[in-house]
Each structure stands twice: as structure tokens, then as C-alpha cells.
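Visitor: I'd like to know how the labels on this model are earned. Can you take me through a few?

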Amino acid sequence: MSSKLEVDQRELVPVEEITRLVSSVFQKVGCDEDISEFVAEHLVESNLKGVESHGVMRMIQYVEQLESGYMNASGRPSLNRNDKGAWIVDGHGGFGMPALQLGVEKAVGEAKEKGISTVAVLHCGHTGRVGAFAEKGAEAGCLTIWVGGGGHKDWPQVAPHGGAKGVLPTNPYAFGIPGGKRGPIVIDFATGQIAGGWIYAAKSAGVMLPEGMLIDANGNPTRNPDDYFNGGAILPMAGAKGYGLALLAELIGEAMLGPATTEMNWFCVCVDTSLYSDGKKYRDVAENILQDLRSCPPLSGFKKVEIPGERERDSYTQNLQKGVAIPLKTWTQMLNLAKRLNVKSRLIKSSN
């Protein structure tokens, strides 16, 4: 499993068992069974795809947010139209994953009928790996774009280009588009140099972050995740480019969609690619482009040129039977939380 974290000791946990444990924990703090299972499956899939920052270690953070009332354990998303006819998903303060799932389902359905559609998602908690919901749209034949923003007052995480303190959230983008023979192309990134989840993961695992990610409260470079939590900030991705994308997302998220509650607001655009090219022609052209990229000789230090989305799918296939590799320190924290909530699991028994 690829990871940004250099961790010596990990616990390898079977997929079915860790999914059941995480789902049971969420149910213990008041979440409905179907929501708990959906979120648990999403987190496990993130680990299997190599996106540890948005994987099962988030269970600890989510329970804290649910127990404090920051997230609403009984929140379920609903779909409505505003007085101008725009589709809006209200997450009712619950998990963001079911809200984005409802949003992309509606956006794809509308795009298939009308060619293009938009959906806003408001009032939800953390959405996990947004690329998963861009991939859903791409699998249905749609160019799918997700933009998140609007929470800079509550989440001043990222310094603007040239700035020495956090002002903007990590304001993510995700793009999905049908690909060639190996499936959709998926691009999912924070506009900060690193997603906030990697900082939580590093702190939980007790390790340092790569260089060039963070500054401390005095504006000095640091690798220590504790410096971030003590007044530091994430640097913008690619300098002015990441800053510009973050600012655009913030204007979409707050100026256009209104003040964000809980986390941030989301905007989805879906375009049916068959408006411009039929399926077979599209796939043939896409595959030719991708083959040109795959055949490019790699630079020193690289094994090959990779296509966005393919590494994650390959990682998923390789790790599905192996299980989820969790940093030992994080795993101990997860087990202790499950014990406190009186969750019944063979994983807890085997750890004693």
C-alpha cells in the first residue's frame, strides 16, 4: 500500500472485520445501520486504494465530532429544489458521504436527460474521498466535477500564496471522466500542499510529514504535525496556482451557495459526454491518448508514467485480499475507542 507516511509497524486487518468494526462503532454513537455501513465501506475502500488520509483512521475523528454534536448522528440527506429550480441536497448535519452519493445520483440522472446538470450539497459533515463520487459519475458516462469550499471562517487551514498563516480551507476538487479500456480517469486533490487528513494520520501514527507541506505559527517550514495544530498552516499547492483554485472554490462555496455549516458546501457539475461523441468513438480516442502517455519513457526514479485513477484501482485489487494495513499506534487508538463503546468484535478479542 502506498502512503505518504513512513511507518515502521502496521497491523494488517481483514477487510470484512475492519468494515464491521467501524460500522459498529458508528452505530454505537447513534448512527443508523445503513449510514454506518456506507461510511465504513467508503473508509475501508479509501485505505485499499492507498488514500490513507481518508481511510479508517477517520473513525476516531468522526466519533469525536458525533459525540460533541458537531455532526448529527441522525442526519440523513434529502433532495429539494429551491425557488429558482436548482437542485440542492441538504445533509442535515450528518456524514457527507451519503449526501454526495445522493448528489451525484441526481446530477447523473439529470445529465442523462438534459445533457448537463448541476447539484449543490449543503449542511453536511466530512465527505471522505470525494474522488469516489467523481468516479461514480464517470462510470455512468459523464464528465463529473466536484468543488468544495465556503468554510474559511471555521477552517483556516491553508496559507494564501505569500501568506504566513492559514486563511483558507483545503478546498478540494475532484474530476472524473470516462477513460479507455482500464476505466475512468479520476483526479482528486486538495488545494493545499497536503490534505488535512494526512496531518491527522501523521499525528495519530506518531510520525513526521514530508518536507514542504507545512509552516509553523512563526511561518517557518516544519515536518511536525503538532506544529500545525499549534497555530501553523498548510502551504498552498503549487504556490499561486493552488491559491487561485482555493479562492475560486471559496467563492463558489460561500458567495454563491451561502455560508457553510458543519464543514463546507459542495457544487457538482455533470456533462453527458455522449452530447459530443458516441461511446465507442470516445473510448477509442481516449485509449489512444492514454496509450501515448503510458508509452512515454519514465524519468530516473520513476517506474512508469501513470494514469490518474489507475493506481488507486490497482492498489484496491492488490490489497483487497491482503487487508487494511493500519499504523500500530492508530490501530491501538481505534481498538481502545471500540472497547470504550462496548463494541463486540473478534478483532478486540484477538488484541487482548
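Guide: Here come some cysteines, a strand and a pocket, each set against its rule. The model is predicted, so local features need pLDDT of at least 70, side-chain atom pairs count only at pLDDT 80 or more, and totals for chains, interfaces and linings use all residues. Residues are numbered from 1 along each chain as its sequence is written, and side-chain values use heavy atoms, with hydrogens and water left out.

Visitor: Why is Cys270 not in a disulfide with Cys268?

Guide: A disulfide is a pair of cysteine sulfur atoms within 2.5 Å. The closest cysteine sulfur to that of Cys270 is in Cys268, 4.3 Å away, so that is too far for a bond. The count by this rule is zero disulfides.

Visitor: What makes Cys270 buried, and what is Cys296 called?

Guide: Buried means under 20% relative accessible area, exposed over 50%, and partly exposed in between (1.4 Å probe, protein chains only). Cys270 has 0%, so Cys270 counts as buried; Cys296 has 38%, so Cys296 counts as partly exposed.

Visitor: Why is strand β11 described as largely enclosed?

Guide: Strands are DSSP runs of E, at least two residues, and helices are runs of H or I, at least four, numbered from the N terminus. In β11 (residues 265-272), seven of the eight residues are buried, so the rest of the structure largely encloses this strand.

Visitor: How do you know that β11 pairs with β4?

Guide: Pairing takes at least two DSSP bridges between two strands. β4 (residues 116-122) and β11 have six, in the antiparallel sense, with Val119 opposite Cys268.
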